[in-house]
Amino acid sequence: MATQKKTGNLKELYKKLVIEHARKPQNFGCMELHSDSSKGVNPLCGDKIKIYILQEKGHISKISFEGVGCAISIASASLLTETLKNQSVAQAKKYAKNFIMIMNSNHESSENKKKFNNRDLETLMAVKDFPTRIKCATLCWQTFLSAIEGKDIVVTTE
Amino acid sequence: MNNKNEINQVKNSMESFRSDFPVIDQLINNKKLVYLDSAASSQMPNQVINEVSRYHSNDHANVHRGIHSLSHRATETFENTRKNVSEFINSKNTNEIIFTSGTTESINLVAQSYCRPRLKKNKKILISHLEHHSNIVPWQIVCEQTGGSLDVAPINQDGEIITEKLIDMIDSSVVLIAISHVSNALGSLTEVKNIIEAAHSKGVPVLIDGAQAISHIKVDVLDLDADFYAFSGHKMHAPTGIGILYGKEELLEAMPPYKSGGDMISEVTFSATTYNDLPYKFEAGTPNISGVAGLGAAINYIREIGIDNITVHENSLLDYMTSELQDVDGIRLIGTASKKVGVQSFLLKDIHSHDIGTILDHQGIAIRTGHHCAMPVMEFYGISGTARASLSIYNNHEDIDHFIKGLDKVITIFN
Ligand SMILES: Cc1ncc(COP(=O)(O)O)c(C=O)c1O
């Protein structure tokens with residue numbers, strides 16, 4: 001009889017913080033006044049997200065998102081907006097690239113964890129133990145990068 | 001549908017079949033696997049796995065090409081299965097059975113070979129609102145190629161095609177009607193026989209997408225008088241990459257080849273090529289011979305159990321699952337047709353189906369989540385997706401009890 005090694009811990013994946021952000025996402029909604037925006041979709045599951053950014057003097061003065069998705073994708077987007085608000089554009093880009101890289105890297109080293117330098121974001125590290133859900137967590141970050149880099153494309157996970 | 005004794009008898013005998021499926025007997029996350037995703041792909045019994053292996057170990061060679069013994073044996077396996085399929089769905093002739101890679105290719109074949117020459121401006125294909133993407137997109141493409149249009153018959157809140165409305169939409173501008181026998185997202189059983197009869201009275205042929213019907217209910221293409229019937233091996237306990245297109249001989253005869261190459265010709269010169277006879281005209285290239293061997297074994301397996309016994313078993317499980325689901329706090333059933341086959345879609349509170357899927361998987365329970373390749377159905381209900389549990393021969397009451405208990409955990413985590 002085939003067996004399989006145990007995968008990630010559910011309690012870690014669905015920490016209270018994640019559920020709270022999924023239930024009551026921060027900075028949720030359309031922002032009419034924005035300098036950049038971008039759409040992202042996951043064609044496999046139908047999740048959709050749109051990110052709005054208002055840049056002022058090289059900083060992200062406002063950021064919001066709207067869309068439909070699972071708890072992981074909504075919580076990730078909500079945390080994204082909290083993390084990147086008031087950051088310099090350069091810093092925010094670095095954050096996003098780093099997040100995507102860490103999520104997709106195979107070995108999780110404690111070094112990587114530290115790089116987040118953000119305890120809230122670190123709760124999402126548990127997603128790495130659920131390989132089918134990594135795209136849920138990264139879609140909004142990819143969409144953010146596309147918006148801030150002014151790419152006129154719909155980001156897709158596939 | 002049947003009396004209690006009969007159901008119990010079937011139930012007892014079905015338990016013994018479960019052990020034929022090695023995949024089912026494993027731990028996922030240290031829990032016994034509960035496989036409720038057969039509508040996406042069903043599992044294979046040892047009889048099928050062994051036949052595929054036997055074919056590879058003993059008989060493998062190319063078909064229709066060699067004079068040597070192995071080629072002869074491979075060809076025999078291949079053609080015997082064609083006969084087997086023909087008997088299984090009761091087609092008049094064996095040459096009406098075409099091997100394809102699956103339902104998707106079968107539908108594409110009909111779109112390009114039957115519809116493309118006939119479609120033009122003011123001509124239509126008629127489908128329904130509950131179709132799988134593979135019974136939508138091939139028609140959209142052929143409409144784009146020809147200037148034809150796609151008409152969509154409505155469904156009701158229970159997720160049933162409204163038969164009268166569909167029939168009202170049939171007129172001489174309709175080149176073909178293409179509808180599923182059973183909806184993959186909702187499980188609804190379509191009144192295909194009535195629809196076919198009405199279509200024929202107006203001279204319109206009908207293609208039935210039978211992907212979700214073939215392993216669950218008796219399919220008799222002669223009795224239905226279907227013009228085309230498409231299905232996939234992997235949804236009837238055979239391997240992936242093999243499927244069937246049944247077509248009436250006179251229709252297939254008049255159709256040009258869909259793909260071209262070896263095996264589909266009778267004579268090739270550089271000035272002209274004569275096509276081979278049916279069914280080879282549609283089977284260019286070396287086919288999936290081991291898949292065909294597996295399909296033959298799967299049909300034998302289903303026949304051994306008896307398709308009617310399978311229907312009784314799955315219906316009684318579906319009734320049980322539906323009534324248990326109804327008692328779950330915050331559940332909303334999607335797809336409540338009066339006649340259904342082994343599928344139940346649902347929403348649970350405001351919890352996204354992916355989260356339900358992950359939490360169930362953690363308990364060893366495999367269900368499908370998302371739009372099920374039927375986005376128009378999701379749009380009809382104003383939702384982005386559902387969680388879906390689907391049943392097969394190897395499922396039992398215990399599976400359903402585990403599944404329902406698993407949903408409690410979903411609720412706990414999200415409270
Ligand atoms: C109703 C229906 N039609 C068509 C298909 C496509 O089948 P396949 O992917 O085997 O070609 C499916 C499979 O999901 C289905 O459920």
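## Polar contacts between two domains

A polar contact is a pair of N or O atoms within 3.5 Å; within protein, one must be able to donate a hydrogen and the other to accept it, and residues adjacent in sequence count only if both atoms are side-chain atoms. By that rule, 26 residue pairs (both at pLDDT 80 or more) are in polar contact between domain 1 of chain B and domain 2 of chain B. The rule for salt bridges (a side-chain nitrogen of Lys or Arg within 4 Å of a carboxyl oxygen of Asp or Glu) finds zero across this interface.

This is a predicted model, in which local features need pLDDT of at least 70, side-chain atom pairs count only at pLDDT 80 or more, and totals for chains, interfaces and linings use all residues. Residues are numbered from 1 along each chain as its sequence is written, and side-chain values use heavy atoms, leaving out hydrogens and water.

## Where the domains meet

An automatic or database domain assignment splits chain B into domain 1 (4-44 + 307-414) and domain 2 (49-304). Their C-alpha centres are 28 Å apart. With contact taken as heavy atoms within 4.5 Å, 41 residues of domain 1 of chain B touch 35 residues of domain 2 of chain B.

The two domains bury about 3200 Å² between them, with carbon and sulfur atoms giving 58%; this is accessible area (1.4 Å probe) lost on putting the two parts together, summed over both. M44(B), I307(B) and V341(B) supply 20% of the area that domain 1 of chain B buries against domain 2 of chain B, more than any other three residues.

Definitions and conventions
Chains lettered and ligands numbered in written order.
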